[in-house]
Amino acid sequence: MTVLAAASDLGAIKQRQQAIWATGDYSVIGTTLQIVGEDLCEALDLRAGERVLDVAAGNGNATLAAARRFALVTSTDYVPRLLERGRERAEAERQTVSFTEADAEELPFPDESFDVAVSTFGVMFSPDQEKAAREMRRVVRRGGRIGLANWTPDGFIGRLFKVIGRHVPPPAGLRSPSLWGTEERLAELFPACRITVKPRIYTFRYRSAEHWVDVFRTWYGPTNRAFAALDPAGQAALAADIVTLLQDLNRGGEAALIVPSEYLEVVIDRS
């Protein structure tokens with residue numbers, strides 16, 4: 001039986017998570033995932049002039065994808081540094097975007113303020129999954145859409161979570177973020193909504209497994225903090241297990257690392 005964390009525990013977990021995501025510089029990783037935001041906007045059949053909210057936007061992949069389609073975009077995250085990276089990108093592209101610091105579980109917008117809400121590998125990390133889902137649904141008008149890209153439990157990133165969890169256990173009672181990558185959990189989070197899912201593949205392309213570990217250990221907050229929580233022997237063991245996983249999934253041979261990672265592309269019709 002799974003015992004879920006109490007509300008006070010979830011608040012403390014959120015504070016720790018916020019500090020984790022502020023570590024390193026997620027934008028180094030985030031920019032490599034840009035294609036996911038582009039594909040999600042196409043799946044949503046986004047229209048020029050629609051009001052779009054990007055939740056847990058990171059450095060703005062879905063934000064920029066929507067802005068390039070002439071939507072009216074508000075980009076949110078609870079890490080100010082990531083919003084600044086998104087702002088820099090928008091300015092470089094001459095895109096007009098509104099940036100607002102906001103927690104996915106407490107969005108500072110009135111009910112039905114947007115036509116579309118999106119999140120690419122963002123809202124799935126909220127400690128209180130039900131609250132985050134309710135907030136996304138609340139701020140979207142009836143007849144609007146919610147678009148998500150969520151890593152699946154059995155894909156590379158889902159398996160990576162399990163590897164890291166064996167070395168640095170997650171907080172007790174916290175649901176796995178990769179549950180957002182299952183149809184069953186999505187039906188629980190968005191009841192009475194029509195949900196369309198499409199399994200998709202994002203491909204990580206790096207020089208080698210060791211290169212991937214070095215980049216993620218340096219720039220990706222969760223991986224950075226996982227290594228920091230271990231002594232030198234523990235760090236070496238974690239790195240070895242991640243390298244093994246990467247090599248098992250690598251289809252690039254000895255020349256390069258090419259690792260496919262499954263995610264769910266999700267379109268939810270807000271009833």
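These legends describe close-up views of a predicted model.

**View 1. The largest pocket and its lining.**
The largest pocket has a volume of about 840 Å³. Its lining takes in 31 residues. Nearest the pocket centre lie Gln17, Val168, Pro170, Pro171 and Pro222. Three elements give two or more residues each to this lining: helix H1 (7–21), helix H7 (156–167) and helix H10 (221–228). H7 gives the most, with six residues. By residue type, the lining of the largest pocket divides into 19 nonpolar, eight polar and four charged.

**View 2. The largest cavity.**
The model holds two cavities of 30 Å³ or more. The largest cavity has a volume of about 330 Å³. It is lined by 26 residues. Trp21, Ala56, Asp77, Phe121 and Gly122 lie nearest the centre of this cavity. H1 supplies the largest share of the lining, three residues. The lining of the largest cavity is made up of 14 nonpolar, eight polar and four charged residues.

**View 3. The second largest cavity.**
This cavity has a volume of about 110 Å³. Its lining consists of 13 residues, and the closest to the centre are Tyr26, Leu33, Trp151, Phe216 and Tyr220. Helix H2 (26–30) and H7 each supply at least two lining residues. H7 gives the most, with three. The lining of the second largest cavity counts 13 nonpolar residues, no polar and no charged.

**View 4. Ala56 in its loop.**
Ala56 sits in the loop between strand S1 (51–54) and helix H4 (61–67). Its phi is near 50 degrees, a positive value in a residue other than glycine. Ala56 has 21% relative accessibility, so it counts as partly exposed. Ala56 is also among the residues nearest the centre of the largest cavity.

**View 5. Arg94 in its loop.**
The loop between helix H5 (80–92) and strand S3 (97–101) contains Arg94. Arg94 is not a glycine, yet its phi is positive, about 60 degrees. Its relative accessible area is 71%, so Arg94 is exposed.

**View 6. Cys41 and Cys193.**
The count of disulfides comes to zero. For Cys41, the nearest cysteine sulfur is that of Cys193, 20 Å away. A disulfide needs the two sulfur atoms within 2.5 Å, and Cys41 is in no disulfide. Cys193 is in no disulfide either, with the sulfur of Cys41 as its nearest, 20 Å away. Cys41 has 3% relative accessibility and therefore counts as buried. Cys193 has 15% relative accessibility, so Cys193 counts as buried too.

**View 7. Helix H11 and what covers it.**
Helix H11 runs over residues 232–249. At 1.5 Å a residue, its 18 residues should span 26 Å. The end C-alpha atoms are 26 Å apart, which agrees with that expected span. The buried residues in H11 include Gly234, Gln235, Leu238 and Ala239. Ile242, Val243, Leu245 and Leu246 are buried in H11 as well. Among the elements that cover the buried residues of H11 are H7, helix H9 (209–219), H10 and strand S7 (257–269). H7 and H10 also appear in View 1, where each gives two or more residues to the lining of the largest pocket.

Conventions
Residues are numbered from 1 along each chain as its sequence is written. This is a predicted model: local features need pLDDT of at least 70, side-chain atom pairs count only at pLDDT 80 or more; totals for chains, interfaces and linings use all residues. Side-chain values use heavy atoms; hydrogens and water are left out. On a 1 Å grid over the protein atoms alone, a cavity is a set of points where a 1.4 Å probe fits but cannot get out, and a pocket is an open set with protein on both sides within 12 Å along at least five of seven lines; lining residues have an atom within 4 Å of a point. Grid points are joined across faces, edges and corners, and a volume is the space filled by probe spheres set on the points. Helices (H or I, at least four residues) and strands (E, at least two) are DSSP runs, numbered from the N terminus. Ala, Val, Leu, Ile, Met, Phe, Trp, Tyr, Cys and Pro count as nonpolar, Asp, Glu, Lys and Arg as charged, and the others, Gly among them, as polar. Buried means under 20% relative accessible area, exposed over 50%, partly exposed in between (1.4 Å probe, protein chains only). The expected span of a helix is 1.5 Å times one less than its number of residues. Contact means heavy atoms within 4.5 Å.
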